[in-house]
Amino acid sequence: VKRLHKGRRPSVRGKARVTNALNGKGASPMESSLFGLLGVVVGAALGTMFSRESKRQEQLAATRAEAYSDYLSNIVAWSLVADKSSEDAKKAWDEAFKAKTRIAVYGSVPVIRALVEFERNGPIFQNAAIRDRYLQLCQRIREDGARDKTSLREEFSAMFYAPGTHKQEDA
């Protein structure tokens, strides 16, 4: 490091040099500019990559949530129709099947396993065991998308199976 004295300029041989802290060698201003530009380009590329991944994750979460919601609402609608051969029952069943197909593609493993367990004996809310599997499915879906993983099975039970919400027959 050269000190500046009044009226004297430090002597510089050739080009001005910037000291590289890693190897002690100097880099020319042009090299420094190129490294700076390279840093900006790499930073922009990484930012774009992370932004795309974030957007992809958001889209996946939205697709999952829509499929889960569609399945739950349509399977409940189907189960509440007394005449399973009616047009309303067929439409609800078809929509639930379409949602189930999306869940097979986009759903998480715990949700898919809970769905299989729920449908194992048919998704008809005829007894406590099937209703419990439905609550388990709701909990898995909630855990899949929620930051708060608190179990709400008792609240779900009260919400869905409170007296007067629909016909319950414990077999």
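Which residues does Phe-118 touch, not counting residues up to four places away in sequence? Select Phe-118 in this predicted model, and display with it Tyr-71, Ile-75, Pro-123, Phe-125, Ile-130, Arg-133, Tyr-134 and Leu-137, which are the residues it touches beyond that range in sequence.

**The core.** Keep Phe-118 selected and add Tyr-71, Leu-72, Ile-75, Ile-103, Tyr-134 and Leu-137, since these, together with Phe-118, touch the most other members of the largest nonpolar core, a set of 25 residues. Colouring by element then helps, as helices H1, H2, H3 (109–119), H4 and H5 (153–161) are the elements that give two or more residues to this core.

**Helix H4.** Move next to Gln-139, which is found in helix H4, residues 128–145. Gln-139 counts as buried because its relative accessible area is 2%, below the 20% cut-off. Leaving aside residues up to four places away in sequence, Gln-139 touches Lys-149, Thr-150, Ser-151, Leu-152, Arg-153 and Phe-156. In the same helix, select Arg-140 and Glu-143, whose side chains meet in a salt bridge with an N to O distance of 2.9 Å; the two residues are 3 apart in helix H4 and so are separated by about one helical turn. Glu-143 is partly exposed, with a relative accessible area of 26%, and Arg-140 is also partly exposed, at 26%.

**Other salt bridges.** The structure holds 7 salt bridges, and a further one to select joins Lys-98 and Glu-95 at 3.5 Å, N to O, where the partners lie 3 residues apart in helix H2, about one helical turn. In helix H1, turn to Arg-56 and Glu-53, again 3 residues apart, which form a salt bridge with their closest N and O atoms 3.2 Å apart. Arg-56 is partly exposed at 46% relative accessibility, and Glu-53 is partly exposed at 35%.

**A surface patch.** Stay with helix H1 (residues 29–80) and select Met-49, which has its place there and is partly exposed, with a relative accessible area of 47%. Adding Phe-35, Leu-38, Val-42, Leu-46 and Phe-50 to Met-49 displays a nonpolar surface patch of about 630 Å².

**Confidence.** Finally, colour the model by pLDDT, which averages 79 over the protein, with 78% of the residues scoring at least 70. Among the elements, helix H2 (residues 87–106) has the highest mean pLDDT, 94, and strand S1 (residues 18–19) the lowest, 50. Residues 14–18 stay under 50, and the model has 11 contacts for them beyond four places in sequence. Residues 166–171 are also below 50, with 15 contacts beyond near neighbours in sequence.

Notes:
Residues numbered from 1 in each chain as written. Predicted model: local features only at pLDDT ≥ 70, side-chain atom pairs only at ≥ 80, totals over all residues. Heavy atoms only, no water. pLDDT = per-residue confidence, 0-100. Helix = DSSP H or I, 4+ residues; strand = E, 2+ residues; numbered from the N terminus. Contact = heavy atoms within 4.5 Å. Patch = residues over 30% accessible without salt bridge, like charges linked within 9 Å, V, L, I, M, F, W, Y side chains within 5 Å. Areas by Shrake-Rupley, 256 points an atom, 1.4 Å probe, with all protein chains shown as cover. Salt bridge = Lys/Arg side-chain N within 4 Å of Asp/Glu carboxyl O. Buried < 20%, exposed > 50% of the residue type's maximum accessible area, 1.4 Å probe, protein only. Core = buried A, V, L, I, M, F, W, Y, C linked by side-chain atoms within 4.5 Å.
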